[in-house]
Amino acid sequence: MKTEQFFATCPRGLEALLSDELRELGAQQISPTHGGVGFTGAFALCYRVNLHSRLASRVLLRVGGGGYVDEQDIYDGTLSFDWPSMFRVDQTFMIRVTATRCPLHSLEFVTLRIKDAVCDRFRDATGERPSIDTREPDVRIHAWITEDTCTLYLDTSGASLYKRGLRKQAGIAPLNENLAAGLLKMAGWQPGTPLFDPMCGSGTILLEATLMALNIAPGSFREFGFQNLVWFDADAWQAERAAAEAARMPVSPQAIYGRDLFGRSLKDAETNFACAGLLDAVSLTQGNVLESPAPAGAGLIVTNPPYGVRIGEQAELAAFYPELGHWLKRQCAGWTAYILSADMNLPKLIRLQASKRTPLYNGALECRVFEYRIVAGSARR
Ligand SMILES: C[S@@+](CC[C@H](N)C(=O)[O-])C[C@H]1O[C@@H](n2cnc3c(N)ncnc32)[C@H](O)[C@@H]1O
């Protein structure tokens, strides 16, 4: 069986955890790098990774590449690839170019040349060319350009994998689903351990935890880009889906708790759980984090508190964080808290000693995951 080369992208900071996940899914030659992990396997491996990965953003299949000096080299390299063996001329496609240290003047022009080469290859083979759709194409082609190489990939995911096809209400500042899952893995959370998000918003962290607890494959609710490729094997895909469905556990109450100050946010969380048929698994209550005790004797708190952009908000948060530290110390002895924040003032203001700080990127935004082990009379700074 032919061995394919893949690259799974992910939020920066999750590469090591994604490598572990890929290993468990049967990937070979795993090589983490900034923002993703390279791996090899049979083509059908991309069915399993797309269906089961909680951390990847996309799974790309390498189809070609090589060195270049100018745009013409990139055009020639793209033209040399047999695109009609990958998708049909009546399907739409788009090109996405990402680059680092690329010396060429315009990435837009490079994008245009790659598109021309794909269309010309089709025209030579069929007399027609496929159309472009930059919103919802059937096929996405990625080009990764460095100083002197251009690598071409077919995107086997389609829409980003964090779009689980589950969340109906997004709330004010929702986390992407794969970042939420990464936060839970970073915290070392295991189903069965009580989990509490006291500022849960639309419930993204809790929903990811519930999928993990009930062994529900995160891709069970959506379609994928590989389904549009010529060599898509519907039987192999159905077998993969059926195996995932059989491993799914029935919905039952879990020690997964959410709280939010605002009824509107909580309503969003409830809607999301209800649409997924998982409302019975979770316990959601409205309330001020500062005014209520933790819901169990011990466990993990995993949360991303509000962070301020405007001056007024920052002043409010400067008052809120010390209160949060006080609440953790008073009400949460026995718990370990993992707090994701882009606000580097948080540790100073919360006035508790962080036992770990791990960098994690929310898109381009550099954040930290602060770990606080709360014991009775926890060290206050
Ligand atoms: C950054 S958002 C969390 C987003 C959430 N992780 C999601 O994916 O939807 C912060 C949340 O904290 C809530 N919040 C702010 N102050 C609070 C308080 N005193 N008690 C409880 N929740 C609070 C806000 O309503 C907001 O939903």
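# Exercises on a predicted model

A nitrogen atom of the ligand lies 2.9 Å from a polar backbone atom of V289. The protein buries 92% of the 600 Å² that the ligand exposes when taken alone. The model is a predicted one, and the exercises below begin with this ligand.

**Exercise 1.** Determine which residues come nearest to the ligand, and how the shell around the ligand divides into nonpolar, polar and charged residues.

*Solution.* Step one: of the 21 residues around the ligand, those that come nearest are S202, T204, D260, N288 and N304. Step two: the shell consists of 12 nonpolar residues, eight polar ones and one charged one.

**Exercise 2.** State which ligand atoms are approached by the side chains of T204 and N288.

*Solution.* Step one: in the side chain of T204, an N or O atom is 2.6 Å from an oxygen atom of the ligand. Step two: N288 has a polar side-chain atom 2.9 Å from a nitrogen atom of the ligand.

**Exercise 3.** Find how many aromatic pairs the whole structure holds, and classify the pair of F43 and Y47.

*Solution.* Step one: the search of the whole structure yields 16 aromatic pairs. Step two: the centres of the F43 and Y47 rings are 5.8 Å apart and their planes make an angle of 80°. Step three: planes over 60 degrees apart count as edge-to-face, and the pair of F43 and Y47 is therefore edge-to-face.

**Exercise 4.** Decide whether F43 and Y47 are buried or exposed.

*Solution.* Step one: the cut-off for a buried residue is under 20% relative accessible area. Step two: F43 has 10% relative accessibility and therefore counts as buried. Step three: Y47, at 1%, counts as buried too.

**Exercise 5.** Classify the aromatic pair of F87 and F93, and name the residues that ring pairs link into a cluster.

*Solution.* Step one: F87 and F93 are 5.8 Å apart, centre to centre, with 45° between the planes, and the pair is tilted. Step two: both F87 and F93 are buried. Step three: the cluster linked by ring pairs consists of F43, Y47, F224, F226, W231, F232 and W237.

**Exercise 6.** Identify the ring over which the charged end of R12 sits.

*Solution.* The charged end of R12 sits over the ring of Y361, at 4.3 Å from the ring centre.

**Exercise 7.** Explain why C275 forms no bond to the sulfur of C200.

*Solution.* Step one: a disulfide is a covalent bond between the sulfur atoms of two cysteines. Step two: the closest cysteine sulfur to that of C275 belongs to C200 and is 16 Å away, so the distance is too far for a bond. Step three: C275 is partly exposed, with a relative accessible area of 44%. Step four: a search of the whole structure finds zero disulfides.

Terms used: Residues numbered from 1 in each chain as written. Predicted model: local features only at pLDDT ≥ 70, side-chain atom pairs only at ≥ 80, totals over all residues. Heavy atoms only, no water. Near = heavy atom within 4 Å. Polar contact = N/O pair within 3.5 Å; in protein donor to acceptor, adjacent residues only side chain to side chain. Areas by Shrake-Rupley, 256 points an atom, 1.4 Å probe, with all protein chains shown as cover. Nonpolar A, V, L, I, M, F, W, Y, C, P; charged D, E, K, R; others polar. Phe/Tyr/Trp six-rings, centres within 6.5 Å; stacked < 30°, edge-to-face > 60°. Buried < 20%, exposed > 50% of the residue type's maximum accessible area, 1.4 Å probe, protein only. Lys NZ or Arg CZ within 6 Å of the ring centre and 35° of its normal. Disulfide = S-S within 2.5 Å.
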